[in-house]
Amino acid sequence: LVALDLDEAARVLREARAGGSLEAVSDAVVLPALRRLAEDEQRDAWPQARAAEVRERFEELLMEMAEGAEPQEASAAGVRVLIAPALDDNDALAGRWLARVCEARGATALLASPHALVSEVAQVKSEAPDAVCIGALTQRAAMHARLVCKRLAGADGAEILVGLWAASPQTPGAPADARITTIATAAELVARLQSRRLRLRS
């Protein structure tokens, strides 16, 4: 991916997709690749323009894979999820991918800008989602996720999920209803919200 060998990157994604679900591919291939990109960019391992090009081309491959995926059971139909990147464009790409995974289950995904201020994230939250998922690919981003969580703490209604894609669930500091490390777990928690909605209506 770093060398922009798109044929090889596409082959890896195809092989991973053939052996598992979108969630499985996310955790085995997508998140590790994005985490490496984010960590290298924070270390100034390459120019920002090249990092942006890698993100753009990788996202094209991801969306092609998502479009070719088999339809899934709408286990999260009717659930509204606000996905907020904790820090930067890498977190935002991970968020857009999580949105596609959730949408494949029937959820409606709302995306916040990676450049939004904490107050703006709270304003987007006024759209009354069932859950807010704040995603962080690096330890630095995880620290910023703490600030977002504090701003959203105490708001009624939505479950607050923190996707610590590069950390363990025991990483301290993010006050949330759930701290998760895999997209598979995030998608499953979102699906469970449908059952809660149905119980509240009955």
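**Exercise 1. Find the helix that holds Glu 59 in this predicted model, and decide whether the residue is buried or exposed.**

Solution.
Step 1. Place the residue: Glu 59 belongs to helix 3.
Step 2. Take its relative accessible area, which is 18%.
Step 3. Compare with the cut-off: buried means under 20% relative accessible area. Glu 59 is therefore buried, because its relative accessible area is 18%.
Step 4. Look for its partners. Leaving aside residues up to four places away in sequence, Glu 59 touches Leu 93 and Arg 96.

**Exercise 2. Describe helix 2: where is its kink, and which of its residues are buried?**

Solution.
Step 1. Locate the kink. Helix 2 bends by about 35° at Val 30, shortly before the proline Pro 32.
Step 2. List the buried positions. Among them are Leu 22, Val 25, Val 29, Leu 34 and Leu 37. Val 30, where the kink lies, is buried too.
Step 3. Check for charged side chains. The buried residues of helix 2 also include Glu 23, Asp 40 and Glu 41.
Step 4. Go past the end of the helix. Just after helix 2, Asp 44 has a positive phi of about 60°.

**Exercise 3. State the volume of the largest pocket and say which residues and elements line it.**

Solution.
Step 1. Give the volume: about 290 Å³ for the largest pocket.
Step 2. Name the residues closest to the centre. Of the 13 lining residues, these are Glu 41, Gln 48, Asp 88, Asp 89 and Asn 90.
Step 3. Assign the lining to elements. Helix 2 (22-42), helix 3 (48-67) and helix 4 (89-104) each give two or more residues. Helix 2 has the largest share, with three residues.
Step 4. Sort the lining by character. Six residues are charged, four are polar and three are nonpolar.
Step 5. Link this to Exercise 2. Glu 41, listed there as buried in helix 2, is one of the residues closest to the pocket centre.

**Exercise 4. Summarise the whole chain: how many helices and strands does it have, and what share of its residues is buried?**

Solution.
Step 1. Count the elements: the protein chain has seven helices and five strands.
Step 2. Write their order along the sequence: α-α-α-β-α-β-α-β-α-β-β-α.
Step 3. Give the buried share, which is 46% of the 202 residues.
Step 4. Consider the surface. The chain exposes about 9800 Å², and 49% of that area comes from carbon and sulfur atoms.
Step 5. Consider the contacts. Among those with a separation of 6 or more, 76% join residues 24 or more positions apart.

Note on methods: Residues numbered from 1 in each chain as written. Predicted model: local features only at pLDDT ≥ 70, side-chain atom pairs only at ≥ 80, totals over all residues. Heavy atoms only, no water. Helix = DSSP H or I, 4+ residues; strand = E, 2+ residues; numbered from the N terminus. Buried < 20%, exposed > 50% of the residue type's maximum accessible area, 1.4 Å probe, protein only. Contact = heavy atoms within 4.5 Å. Areas by Shrake-Rupley, 256 points an atom, 1.4 Å probe, with all protein chains shown as cover. 1 Å grid on protein atoms, 1.4 Å probe; cavity = no way out; pocket = protein on both sides within 12 Å on 5 of 7 lines; lining within 4 Å. Points joined across faces, edges and corners; volume = space filled by probe spheres on them. Nonpolar A, V, L, I, M, F, W, Y, C, P; charged D, E, K, R; others polar. Bend = angle between axes of the 7 residues up to and from the residue.
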